[in-house]
Amino acid sequence: MSTYRIFYGLQREPFCQDMKAEDLMKSDSMVAAQQRVQFAIGLCAVAVLTGDIGSGKSSALRFACSKLHTSEVQDPLSDRHIRLGDRAVQADVLCTGYRNKGNLQSNPYHDDPHDLARARQKPVIIIDEASLMRLDVFTEFHTIAQFEGDSKPILAMILAGQNNLIDYLMFEQSRSLASRVVAKGHMEALKKQETAQYLQHHLRIAGTKENLFSEQAVTAIHQGSAGLLRRA
């Protein structure tokens, strides 16, 4: 165990990346993002989550997925690629609904979405860093959600990325995809009081209830990080 952890009575690293979803600090932005994701999944539509680098978008997605009941969700399958013609988009895929283990294969996206719908399952495509996709991908992306002449809402999509993701959706070529967006969320930078709460929350998760940061230290951390979680 590290000397500083012994000195401060910490049982684990206080600011690690592999923190469980239930241990994340539930900021207003994170809770709002979770609500928008669940709303889009319920409608089999599209939700968009934006924010600066390090603002907590990926953590918000993990938190949103964790709030789906464990009896109704097949865990996300990482490093999958959805093909659009000769292009591929990396994504996580999960299924939500009334789970029927016998009807699901190892990769739910390879199943017929109609079969999943009959089994009361909803395939959900989650793409983090969607703002890195090329514009021509946005042009065609809506086609994977069209079933029976676009009359059957079967597939939900969650797109997360930096602020320019909204700009991509405003292009003429992206209008078909943008028209399917039912919820938008933005991860706001923390205010100074929230930064103090964030620091104290992580210390408590790590095993100490002591306030190890002075008021001056909190101010310096908040100013230096501009309220962004990863920088803090």
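Does arginine 5 count as buried or exposed, and at what relative accessibility? What is shown in the first view answers this for the predicted model.**View 1. Arginine 5 and glutamate 13 are joined by a salt bridge.** In this predicted model, arginine 5 has a relative accessibility of 14% and therefore counts as buried. Its partner in the salt bridge is glutamate 13, with a nitrogen-to-oxygen distance of 3.6 Å. Glutamate 13 counts as partly exposed, because its relative accessibility is 32%. The pair thus joins a buried residue to a partly exposed one.

**View 2. A salt bridge links arginine 134 and aspartate 136.** The closest N and O atoms of the two residues lie 3.4 Å apart. Aspartate 136 is partly exposed at 31% relative accessibility, and arginine 134 is likewise partly exposed, at 48%. For arginine 134, the value falls short of the 50% that an exposed residue must exceed.

**View 3. Glutamate 172 and arginine 175 form a salt bridge.** A separation of 3.3 Å is found between their closest N and O atoms. Both glutamate 172 and arginine 175 are exposed. This contact is one of the 4 salt bridges in the structure.

**View 4. Leucine 155 occupies a loop between a helix and a strand.** The loop runs between helix 5 (135-141) and strand 5 (156-161). Leucine 155 counts as buried because its relative accessibility is 5%, under the 20% cut-off. Alanine 40 is separated from leucine 155 by 115 residues in sequence, while their C-alpha atoms are 10.0 Å apart in space.

Methods. Residues numbered from 1 in each chain as written. Predicted model: local features only at pLDDT ≥ 70, side-chain atom pairs only at ≥ 80, totals over all residues. Heavy atoms only, no water. Salt bridge = Lys/Arg side-chain N within 4 Å of Asp/Glu carboxyl O. Buried < 20%, exposed > 50% of the residue type's maximum accessible area, 1.4 Å probe, protein only. Helix = DSSP H or I, 4+ residues; strand = E, 2+ residues; numbered from the N terminus.
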